[in-house]
Amino acid sequence: MQTPVSVIEILGPGCARCQETHRVVRHVVDEAGLGCEVQKVESLERMVDLGVMRTPAVAIDGKVVLSGRVPKVEEVRRLLGVA
């Protein structure tokens, strides 16, 4: 059984692609009824800490799982174990 996700971070400067990534992730979390926290992070320091080179990026519990593009709904479901 997969460990429940506690925090999902959407990392980026706030551009349209970052906002769309946040919308897609939030949709999947809400649809699946997950009790995790979704954070929109615009801190350059946090991005550097996680080694993000391209945005938008998605980190699950402090581990970057996607960067440089907007994910599809199905991909987010798979990453969160609700596929």
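Partly exposed here means a relative accessible area between the buried cut-off, under 20%, and the exposed cut-off, over 50%. Keep that in mind as you click around this predicted model.

**Stop 1: R23 and E20.** Select R23 to start. With a relative accessibility of 47%, R23 counts as partly exposed. Now add E20, which forms a salt bridge with R23, the closest N and O atoms being 2.8 Å apart. Show the backbone too: both residues lie in helix α1 (residues 16–32), three residues apart, about one turn of the helix. E20 is partly exposed as well, at 30% relative accessibility.

**Stop 2: R26 and D30.** Stay in helix α1 and pick R26 and D30, which sit four residues apart, so about one helical turn separates them. Their side chains meet in a salt bridge, 3.0 Å from N to O. R26 comes out at 28% relative accessibility, which counts as partly exposed.

**Stop 3: E9 and R46.** Next, select E9 in strand β1 (residues 7–11) and R46 in helix α2 (residues 44–50). Zoom in on the side chains and you'll find a salt bridge, 2.8 Å from N to O. Because one partner is in the strand and the other in helix α2, this pair ties together parts that are 37 residues apart in sequence. Is E9 buried or exposed? E9 is buried, with a relative accessible area of 6%. R46, at 27%, is partly exposed.

**Before you close the viewer.** How many salt bridges are there by this rule? The count is five, and among them are E20 with R23, D30 with R26 and E9 with R46.

Technical notes. Residues numbered from 1 in each chain as written. Predicted model: local features only at pLDDT ≥ 70, side-chain atom pairs only at ≥ 80, totals over all residues. Heavy atoms only, no water. Salt bridge = Lys/Arg side-chain N within 4 Å of Asp/Glu carboxyl O. Helix = DSSP H or I, 4+ residues; strand = E, 2+ residues; numbered from the N terminus. Buried < 20%, exposed > 50% of the residue type's maximum accessible area, 1.4 Å probe, protein only.
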